[in-house]
Each structure stands twice: as C-alpha cells, then as structure tokens.
Amino acid sequence: MGTGTVVVVGGTQGLGRELAQSYADEGRDVVVTGRDQARAESAAAEIGAATRGIGFDLAEPHAIAERLADVADVDYVVLAAIERDTNSVADYDIAGALRLVTLKLVGYTEVVHALLPKLRPDAAILIFGGLARDRPYPGSTTVTTVNGAVTSLVRTLVIELAPRRVNAIHPAIVGDSPQWIDMPPERHQALVSRTPIGRLVTMAEVVGACRFLLENQAINGINLSVDGGWMCM
Ligand SMILES: NC(=O)c1ccc[n+]([C@@H]2O[C@H](COP(=O)([O-])OP(=O)(O)OC[C@H]3O[C@@H](n4cnc5c(N)ncnc54)[C@H](OP(=O)(O)O)[C@@H]3O)[C@@H](O)[C@H]2O)c1
C-alpha cells in the first residue's frame with residue numbers, strides 16, 4: 001500500500017466519508033471534498049488531523065482545477081459524489097439531468113485531468129457507479145444512464161492513464177448509508193426479500209470492497225457489483 005495522499009471527492013458524507021475515515025485512521029494524508037468549503041473543512045476536522053477539506057461543485061467543472069491546484073503526491077483518487085436526480089422520460093427534468101450528467105461524467109473526468117500531473121505512477125482511481133445501471137427503478141433514468149456510463153469511463157481511463165489502475169464499484173442499496181438508513185420498513189422488507197443474503201449490504205462492506213479495488217495491484221478495469229447476490233434474483 002502506498003503512502004501518498006488519498007483524495008475522496010464526495011468525502012464529506014456517506015460512503016466516501018466512511019472510506020476517507022478508514023484511511024485517516026491509518027495515518028494517511030486525506031483530502032475530502034464537497035460542494036461547500038466550510039462543510040468540507042468541518043468534515044475534515046471530524047475525520048482527523050491530517051485530513052483537509054476542499055469545496056467545489058462538480059457540476060461547475062471549469063472551476064475544479066484551480067480548487068485542486070495545491071493537492072500533491074496522490075496515491076488514490078476516489079470519485080464518490082452524487083446529487084441524486086429523480087427523473088423519467090415521461091416527465092423529463094432537463095435541469096436535474098444536466099446537473100447529474102455533468103457532475104458524474106464531466107466533473108469526475110475533470111478531477112482526474114486536474115490531478116493527472118500529481119498522480120504517482122502506481123496510483124489508482126476508483127469511480128462510484130451503482131447497481132441502478134443494471135436494475136432501473138422508477139425515476140432512475142438519469143442515475144441508470146450515468147452509472148452505465150461509468151462502466152465505459154473505466155475502460156477509456158485504463159488505457160489513457162496506464163500504468164495507473166482504474167476500477168469502479170457498483171453497490172446495491174446500502175442499508176446503513178445516510179441516504180437509506182431511514183427508509184420506510186415496508187420498502188426495506190421488499191428490498192431484503194430480493195437479496196439472497198437476507199439483508200442489505202453495509203457501508204463497512206462497501207469500504208472493504210473499495211480498498212480491495214484501490215490496493216490490489218493486479219486489479220484493473222474492473223466494474224465490481226457489491227450487491228449480496230441481488231443480480232442473481
Ligand atoms: N448509498 C447507496 O446506497 C448507494 C448505492 C449505490 C451507489 N451509490 C453511489 O455511491 C456514491 C456515494 O453515495 P452516498 O449515498 O454515500 O452519497 P451521499 O451520502 O449522498 O453523499 C454525497 C457526497 O457527494 C457530495 N456532493 C454532492 N453533490 C456534489 C456536487 N455537485 N459537487 C461536489 N460534491 C458533491 C456531497 O458533499 P456535500 O453535501 O458536502 O456538498 C457528499 O459528500 C455515489 O456515487 C452513489 O451514486 C450509493
């Protein structure tokens with residue numbers, strides 16, 4: 001495992017924050033980002049002393065490079081941010097779709113572009129997609145589209161960034177994540193009944209899978225589903 005900086009874009013909350021915390025707990029230099037500078041700084045202070053917070057909006061990609069200008073010596077880049085867009089083709093919200101498509105596809109790619117000169121030769125990139133790429137749900141049209149595109153983004157970045165590694169993680173609904181922890185019991189039960197392990201996956205399990213993708217030097221170009229076997233049903 002490397003010793004350089006771990007950058008978690010979308011690290012102020014949820015899965016990104018949990019992963020940032022696991023590296024900070026090992027004494028690594030960590031940078032967490034979110035939309036707001038003060039919120040990012042406050043999350044960084046809670047995570048640990050060697051953690052720094054930076055604020056920028058991924059849906060405004062022209063401003064990203066300047067905000068990351070003094071980040072150096074990067075081992076891992078984790079792209080975890082999301083601004084959820086509930087959308088369907090029948091009732092299409094162009095503004096919401098444009099924000100999420102820009103954030104996940106152009107914003108994520110611009111972060112990699114901005115950090116490229118700072119990446120160690122053995123650096124690794126991890127992109128968050130999600131199982132909605134394979135299993136749409138009502139209102140998931142933009143989420144399904146961008147998560148599907150993450151699969152292709154991995155392939156082109158593997159070629160462009162070689163010998164650095166690029167992988168993606170596609171979790172199913174993570175039951176104890178802030179997004180889902182308060183879901184109605186009947187929805188929870190319906191999801192559990194479709195999951196062979198008899199429960200939803202956890203934040204700790206997703207963090208473990210993220211660390212495997214980042215740290216195992218042979219793992220490259222993988223789109224890993226973490227779903228407890230959901231896709232088998
Ligand atoms: N939770 C799940 O069950 C689940 C399932 C499948 C896939 N995923 C994927 O896993 C990733 C993390 O999900 P999560 O549920 O843990 O996220 P979350 O709790 O909703 O947190 C989202 C993060 O993204 C940041 N963010 C939001 N909009 C942004 C923007 N426009 N520019 C920059 N940063 C922005 C937020 O920072 P601020 O609020 O500080 O701005 C926050 O740190 C996402 O990519 C999601 O698609 C999650």
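Okay, let's start with a helix contact: Arg17, Ala20, Gln21 and Ala24 in α1 meet Ala43, Glu46 and Ile47 in α2. Sorted by class, that contact has four nonpolar, one polar and two charged residues. Before I go on, remember that we're looking at a predicted model.

So how do we talk about a pair like that? In general, two packed helices are described by the angle between their axes and the distance between the axes. Here, helix α1 covers residues 14-24 and helix α2 covers residues 37-47. Their axes come within 10 Å and cross at roughly 45 degrees. That makes α1 oblique to α2. And the crossing is a right-handed one.

Now, the sheet. In what order do its strands come? Going across, you read β3-β2-β1-β4-β5-β6-β7, which is an open sheet of seven strands with parallel pairing. At the edges you'll find β3 and β7, and each of these has a single partner strand, so one side of each is left without a neighbour in the sheet. On average, neighbouring strands are turned by 20 degrees against each other, if you ignore direction. And if you're wondering what holds strands together, the general picture is that strands of a sheet pair through backbone hydrogen bonds, either parallel or antiparallel.

Let's walk across from the β3 edge. β2 and β3 run parallel and are joined by five bridges. To find your place on screen, look for Val32, which stands opposite Gly53 in β3. Our friend α2 turns up again here: this helix lies across β2 and β3, and runs at about 165 degrees to β3.

Next is β1, residues 5-9. Is this strand buried or exposed? Well, five of its five residues are buried. Thr5, Val7 and Val9 sit on one side, Val6 and Val8 on the other, and both faces are covered. β1 has a parallel partner in β2, residues 30-34, over four bridges, and another in β4, residues 74-79, over five bridges. Val7 is a handy landmark: Val31 in β2 stands opposite Val7, and so does Val77 in β4.

Keep going and you get to β6, residues 165-171. Like a good middle seat, it's mostly covered, with seven of its seven residues buried. Arg165, Asn167, Ile169 and Pro171 point one way, while Val166, Ala168 and His170 point the other way. Note that Arg165 and His170 are in that buried set too. On one flank, β6 pairs in the parallel sense with β5, residues 119-128, over five bridges, and there Phe128 stands opposite Ile169. β6 also runs parallel to β7, residues 223-226, with four bridges joining them, and Pro171 stands opposite Val226.

One last stop, a residue outside the strands. Where is Leu58? You'll find Leu58 in the loop between β3 and α3. Loop or not, Leu58 is buried, because its relative accessible area is 5%, and the cut-off for buried is under 20%. What does Leu58 touch, once we leave aside its neighbours within four places in sequence? The contacts are Val9, Ile64, Ala81, Thr102, Leu103, Gly107, Tyr108 and Val111. Val9 is one we've met already, in β1. As for Ala81, this residue is 23 residues from Leu58 along the chain, and their C-alpha atoms are separated by 8.3 Å.

That's my tour. Thanks, everyone!

Technical notes. Residues numbered from 1 in each chain as written. Predicted model: local features only at pLDDT ≥ 70, side-chain atom pairs only at ≥ 80, totals over all residues. Heavy atoms only, no water. Axes fitted to C-alpha atoms, helices over the stretch in contact; angles between N-to-C directions. Helix = DSSP H or I, 4+ residues; strand = E, 2+ residues; numbered from the N terminus. Parallel < 35°, antiparallel > 145°, perpendicular 65-115°, else oblique. Left-handed = near helix turned anticlockwise from the far one by under 90°. Contact = heavy atoms within 4.5 Å. Nonpolar A, V, L, I, M, F, W, Y, C, P; charged D, E, K, R; others polar. Buried < 20%, exposed > 50% of the residue type's maximum accessible area, 1.4 Å probe, protein only. Pairing = 2+ DSSP bridges.
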